Amino acid sequence: SVQQETHGFQTEVAQLLKLVTHSLYSNKEIFLRELVSNAADAADKLRYKALSNADLYQGDGELRVRLSVDKDAGTLTISDNGIGMTKDDVINHLGTIAKSGTAEFFSHLSGDAAKDSQLIGQFGVGFYSAFIVADKVTVNTRAAGEAQAVQWESNGEGQFTTAEIEKAGRGTDIILHLNEDEQEYLDDYRLKAIVSKYSDHISIPVEMWQEGEAEREQEGETIPATEGKWESVNKATALWTQSKSDISDEQYQEFYKHVSHDWEDALSWSHNKVEGKQEYTSLLYIPAKAPFDMWNRDNKHGLKLYVQRVFIMDEAEQFLPQYLRFVKGLIDSNDLPLNVSRELLQDNKVTQSLRTALTKRVLGMLDKLAKDEDKYNTFWSQFGNALKEGPAEDMANKEKIAKLLRFASTHNDSSAETVGLTQYIERMKEGQDKIYYIVADSYNAAKNSPHLELLKKKGIETLLLSERIDEWLVSHLTEFDGKQLVSVTKGDLGLDDLSDEEKAEQDKQAEENKPLLERFQTTLGAKVKEVKISQRLTDSPACIVAGEHDMSSQMVKMMEAMGQ
Ligand code: ADP
Ligand code: MG
């Protein structure tokens, strides 16, 4: 007896499905990439589990995904013999979105289909993209090692059903009941073309049924009938194991989408095979857009880890420091044991040295990217604030990271962060030996601060910092290229290389205004340390200056906000 249960989708899934069906019409064919990508992931997961329990293969160890069509029924089936899903898996994975911050993300959608489809690409739709082309989706699945199979079914409108079913083989069949207008996906040639465009590099074969030929006569000879067979339509060699010269940019980009679950092209990548003391291959990508949950504390990140070409885990975050958490890609090590666990990675010599090497690699990649100003600006606008965490986190690479930082500056009339410290130093005035900056609540507050008056008068450039992270950054980055970074709101600026006349004038003014200064001092009392005449200002009458070793006013505000 089939016991069917009806479940409601999580609110966000229901919203997502509506969006998928209404706004993702520009590039519909990518649904196949997503479903094949999931099948490949399912194969990876089974291989991993079978490392410690080979029985899971149950005599069927040739992992593959198969596409088949039923023209009469109007269905396309994507069938794998990977890990499969239990009933709980089905309900959790095909009924909810397990990413934190999802609800918030959806609250930002505008209802404007074109705009939202941009956003949704950044979010990644995965399995749900099946509903771009299908008005009903049936999933039949049996988890490795389980006897009971389960069916999931939905028309994508708020609800899905589950039922216990019989299924001969392990793995998952995704049956798409194609929309009236999407019958093109029943065509073999069309399917083959899509597979080779998006899924050539997937590590398992994507197979399609090749009909046999009937017996026929040719030039008086009888050519015997051939039997039909499953034929692979992709290359099915893991992309990173191939040599660079055999891989096209398009293939790198498609592989990026598979490993990152991103829908957009990457900004750049670096593919390296290292031999010698350590043997590994790394393929690292810089995305063009930050994922929606990038600034979420529990955002999942990290590289895909393979050991000797066997998938081990996703989101291995031990191979790169936090401030480089935006990097996607994989590492395939020959030195780690196949049974390596997250705990084991934590405290492991191999991991440590890989981390050092990969960090260097990424910083090198960024240094190269910085030579292309447009691309680097794109990078910076998305990930700059993460990189600013670098000097505090990674002492060893401080100088390299500092070189990659970009700021707004009085040199430009724009809040865009485009000025690097190297560039600043090149523009320094004769005799200037410090890098000046101001931290304020906003770009405008920084730009219009009275603290800048003297520097402006002297034609000295000042970096204008106004991001929340900036105070943290400058408290850890006090020097670059042998030059001190100095806040213009603190202590002595080292700019009063006054001439004798100017010095005499300042002393005279101090003398003449002694009663006024004393009055200020007594009125303000303990609120200030000292009231004095200074050359710091040209237009404003007065300003507050923090002592060189005091907290900046910005830091004081931050501490207050934290209740201290
Ligand atoms: P993602 O691949 O980014 O995790 P998807 O929406 O593509 O997101 O898939 C959601 C989840 O559903 C997967 O993480 C996986 O747990 C499960 N899943 C989807 N397709 C399959 C499949 N063919 N075999 C096993 N599990 C699957
Ligand atoms: Mg997926």
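**Exercise 1. Determine how the shell around ligand 1 divides by residue class, and where its residues come from.**

Step 1. Sort the residues: the shell holds 6 nonpolar, 8 polar and 3 charged residues. Here Ala, Val, Leu, Ile, Met, Phe, Trp, Tyr, Cys and Pro count as nonpolar, Asp, Glu, Lys and Arg as charged, and the others, Gly among them, as polar.

Step 2. Pick out the nearest: of the 17 residues around ligand 1, these are N38, A42, H93, G126 and F127. A residue is near a molecule if its C-beta atom, placed from the backbone, lies within 6 Å of it.

Step 3. Assign the source: helix α2 (residues 30-50) gives the largest share of the shell, 5 residues. Helices (H or I, at least four residues) and strands (E, at least two) are DSSP runs, numbered from the N terminus.

The model is predicted: local features need pLDDT of at least 70, side-chain atom pairs count only at pLDDT 80 or more, and totals for chains, interfaces and linings use all residues. Residues are numbered from 1 along each chain as its sequence is written, while chains are lettered from A and ligands numbered from 1 in the order in which they are written.

**Exercise 2. Describe the open sheet of 5 strands and the helix that packs on it.**

Step 1. The strand order is β12-β13-β16-β14-β15, with mixed pairing; two strands pair if DSSP finds at least two bridges between them.

Step 2. At the edges lie β12 (266-274) and β15 (310-316), each paired on one side only.

Step 3. β12 and β13 (residues 280-287) run antiparallel and are joined by 8 bridges. In this pair W269 stands opposite Y285 in β13.

Step 4. Helix α9 (residues 349-369) packs on the sheet and touches β12, β13 and β16 (328-333). A contact requires C-beta atoms, placed from the backbone, within 7 Å. The direction of α9 makes about 45° with that of β13; axes are lines fitted to C-alpha atoms, for helices over the stretch in contact, and angles run from 0 to 180 degrees between N-to-C directions.

**Exercise 3. Locate V133 and decide whether it is buried or exposed.**

Step 1. V133 sits in the loop between α5 (113-123) and β4 (134-142).

Step 2. Count neighbours: 23 other C-beta atoms lie within 10 Å, so V133 is buried. The cut-offs are 20 or more such atoms for buried, 12 or fewer for exposed, and partly exposed in between, with C-beta atoms placed from the backbone.

Step 3. Leaving out residues up to four places away in sequence, V133 touches K28, F31, L176, L178, N179, E182 and Y185.

Technical notes. Two residues are in contact if their C-beta atoms, placed from the backbone, lie within 7 Å.
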